[in-house]
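Here is a walk through one protein model, written for someone who would rather be at the bench. Have a look at the sequence and the structure first.

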Amino acid sequence: MDQGAWTRLFENKSRNLKDSWRLELEEELVLQHGWKNCIVSTGGRFRCSDCGRGWSSNMVRVVCHMRLSNGQGVAKVRPSRQKCKNCDNGPMEKPSIDSENIKILLGNLVEKIRMKCYNENLGRKRQDFRSFDGKRPHEPALCEACHQGICPKKFF
């Protein structure tokens, strides 16, 4: 999905917040002073730009940074990438996340915003995303989130 679709879905999910919020998809996220952060998970599909191999993963970590200042909120998100296991020098690929999982992911992000930016005690658990049937084990050496130390399956 493109930035516009993510933005529209976020606007729908965040419309009941006390302040105005906007969403930004970022290529690189660096935590800055005054920002709160969280990591949410989802399922996604990948396609290698070198060999064309496709795979699905239930271990797509999405790094989220959020800040509320003077009645304006900003949430920045960046899904983690994965590398093809067949291509030694292949690039880290961005995931394709279906609209249903994006809705769930953004709903979970709004819950985190309510807890971290408004100090609401929601007493709820996150909504689970639609997962894939794959039985293959997670491969930490191919996972960007593992390399960054933000994946619970990391081995580094």
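What follows goes from the overall fold to two helices and then to a few single residues.

**The whole chain**

Keep in mind that this is a predicted model. The protein has three helices and six strands, and from the N terminus they come in the order α-β-β-β-β-β-β-α-α. Does the radius of gyration point to a compact globule, or away from one? A compact globule of 156 residues would come out near 15 Å, and the protein has 16 Å, so the two agree. Along its principal axes, the C-alpha trace spans about 50 × 30 × 30 Å.

As for the inside, 44% of the 156 residues count as buried. Take the contacts between residues at least 6 apart in sequence: 65% of them join residues at least 24 apart. On the outside, the accessible surface is about 9,100 Å², with 43% of that belonging to carbon and sulfur atoms. The chain carries 29 positive and 18 negative charges, and the mean positions of the two sets are 5 Å apart.

**Two helices and what they pack against**

Helix 1 covers residues 3-14, and helix 2 covers 99-117. The table sets their lengths against the rule of 1.5 Å a residue.

| Helix | Residues | Expected span | End-to-end C-alpha distance |
|---|---|---|---|
| Helix 1 | 12 residues | 16 Å | 16 Å |
| Helix 2 | 19 residues | 27 Å | 26 Å |

For helix 1 the span agrees with the rule, and for helix 2 it agrees as well.

Which residues of helix 1 are buried? They are Ala-5, Trp-6, Thr-7, Leu-9, Phe-10 and Ser-14. These buried residues pack against strand 1 (20-25), strand 4 (72-79) and helix 2.

Helix 2 has its own buried set, including Ile-102, Ile-104, Leu-105, Leu-106, Val-110, Ile-113 and Cys-117. Asn-101 and Asn-108 are buried there too. The partners of the buried residues of helix 2 are helix 1, strand 1, strand 2 (36-47), strand 3 and strand 4.

**Two asparagines with positive phi**

Most residues other than glycine have a negative phi. Asn-70 has a positive one, near 50°, and Asn-119 has one of about 55°. Asn-70 sits in the loop between strand 3 and strand 4, while Asn-119 is in the loop between helix 2 and helix 3 (144-147). Buried or exposed, then, for Asn-70? Its relative accessibility is 83%, over the 50% cut-off, so Asn-70 counts as exposed. Asn-119, at 67%, is over that cut-off as well, so it also counts as exposed.

**Asp-19 and His-65**

Asp-19 belongs to the loop between helix 1 and strand 1. Its relative accessibility is 24%; that falls between the 20% and 50% cut-offs, so Asp-19 counts as partly exposed. What does Asp-19 touch, leaving aside its neighbours within four places in sequence? The contacts are with Leu-68, Gly-71 and Tyr-118. Gly-44 is 25 residues from Asp-19 along the chain, and their C-alpha atoms are separated by 30 Å.

His-65 is part of strand 3 (residues 54-69). With a relative accessible area of 5%, under the 20% cut-off, His-65 is buried. Pro-95 lies 30 residues from His-65 in sequence, and C-alpha to C-alpha they are 19 Å apart in space.

Terms used: Residues numbered from 1 in each chain as written. Predicted model: local features only at pLDDT ≥ 70, side-chain atom pairs only at ≥ 80, totals over all residues. Heavy atoms only, no water. Helix = DSSP H or I, 4+ residues; strand = E, 2+ residues; numbered from the N terminus. Rg over C-alpha atoms; globule rule 2.2 N^0.38 Å. Buried < 20%, exposed > 50% of the residue type's maximum accessible area, 1.4 Å probe, protein only. Contact = heavy atoms within 4.5 Å. Areas by Shrake-Rupley, 256 points an atom, 1.4 Å probe, with all protein chains shown as cover. Lys, Arg positive; Asp, Glu negative; His and termini not counted. Charge placed at Lys NZ, Arg CZ, Asp CG, Glu CD. Expected span 1.5 Å × (residues − 1).
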